[in-house]
Amino acid sequence: MRISELERRTGITRDTLRYYEKQGLIREVSRSGNNYRDYPEQAVARVAMVRQLKSLGFSLNEIRELLDAVRSDRIDCLQGAAVMARKRTLVDARIRELKAVSKLLKQEQARLEASAREHGLV
């Protein structure tokens, strides 16, 4: 399939698809006689996987490493579980940070609302 169809089917721009290809996230691309990219059907699933992993907080480097391991059958369930555990630890730490920021914002909001009441602005 041409890049325009892959773009339409995945919702990812052609520039991003080319970038993913350059970064080694999509490797199954061939070139036709006129040098157009020809993407196989599995590219749709590969792009969906990249999007899903990105939404889970994986960096493109982490995704490439994971895809390389899957492609070469080097990864087993224990390795995969260890990768997920490491990522979950980072996500949990980020959640704690965001909760702390939320608490500070809530306190500042309450202070500002009290100040507005004191000054008869509410």
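Helices are DSSP runs of H or I with at least four residues, numbered from the N terminus. In the predicted model described here, two such helices, α4 (60-71) and α5 (77-118), each contribute at least two residues to the lining of the largest pocket. The volume of this pocket is about 190 Å³. Eleven residues line the pocket, and those closest to its centre are Glu 62, Glu 65, Leu 66, Val 83 and Arg 86. Helix α5 accounts for the largest share of the lining, with five residues. Sorted by class, the lining comprises six nonpolar residues, four charged residues and one polar residue.

Helix α4 also carries Arg 64. A polar atom of the Arg 64 side chain is placed 2.8 Å from the backbone oxygen of Gln 23. When residues up to four places away in sequence are not counted, the residues touched by Arg 64 are Gln 23, Gly 24 and Leu 25.

Leu 25 is in turn a member of the largest nonpolar core, which holds 19 residues. The members that touch the most other members are Leu 6, Leu 17, Leu 25, Ile 26, Tyr 39, Val 50 and Ile 63. At least two residues of the core are supplied by each of α1 (3-10), α2 (14-22), α3 (42-55) and α4. The greatest contribution is that of α3, which provides five residues. For Val 50, contacts beyond four places in sequence are made with Tyr 20, Leu 25, Leu 60, Ile 63 and Leu 67.

Two charged residues of α3 were examined further. Arg 46, located in this helix, has a relative accessible area of 14% and is therefore classed as buried, the cut-off being under 20%. Its neighbours within four places in sequence aside, Arg 46 is in contact with Leu 25, Glu 28, Leu 67 and Arg 71. Contacts with Leu 25 and Leu 67 are thus listed for Arg 46 and also for Val 50. Lys 54, likewise a residue of α3, has a relative accessibility of 41% and so counts as partly exposed, a class that lies between the 20% and 50% limits. Outside the range of four places in sequence, Lys 54 is in contact with Tyr 20, Leu 60 and Ile 63; these three residues are also among the contacts of Val 50. Along the chain, Lys 54 is twelve residues apart from Gln 42, and the C-alpha atoms of the two are separated by 18 Å.

In helix α2, Thr 16 was considered. Thr 16 counts as partly exposed because its relative accessibility is 26%. The side chain of Thr 16 is joined to that of Thr 13 by a polar contact of 2.9 Å.

A backbone feature is found in the loop between β1 (30-31) and β2 (37-38), where Asn 35 is situated. Most residues other than glycine have a negative phi. Asn 35 is not a glycine, yet its phi is positive, at about 70 degrees.

Note on methods. Residues numbered from 1 in each chain as written. Predicted model: local features only at pLDDT ≥ 70, side-chain atom pairs only at ≥ 80, totals over all residues. Heavy atoms only, no water. 1 Å grid on protein atoms, 1.4 Å probe; cavity = no way out; pocket = protein on both sides within 12 Å on 5 of 7 lines; lining within 4 Å. Points joined across faces, edges and corners; volume = space filled by probe spheres on them. Polar contact = N/O pair within 3.5 Å; in protein donor to acceptor, adjacent residues only side chain to side chain. Contact = heavy atoms within 4.5 Å. Core = buried A, V, L, I, M, F, W, Y, C linked by side-chain atoms within 4.5 Å. Buried < 20%, exposed > 50% of the residue type's maximum accessible area, 1.4 Å probe, protein only.
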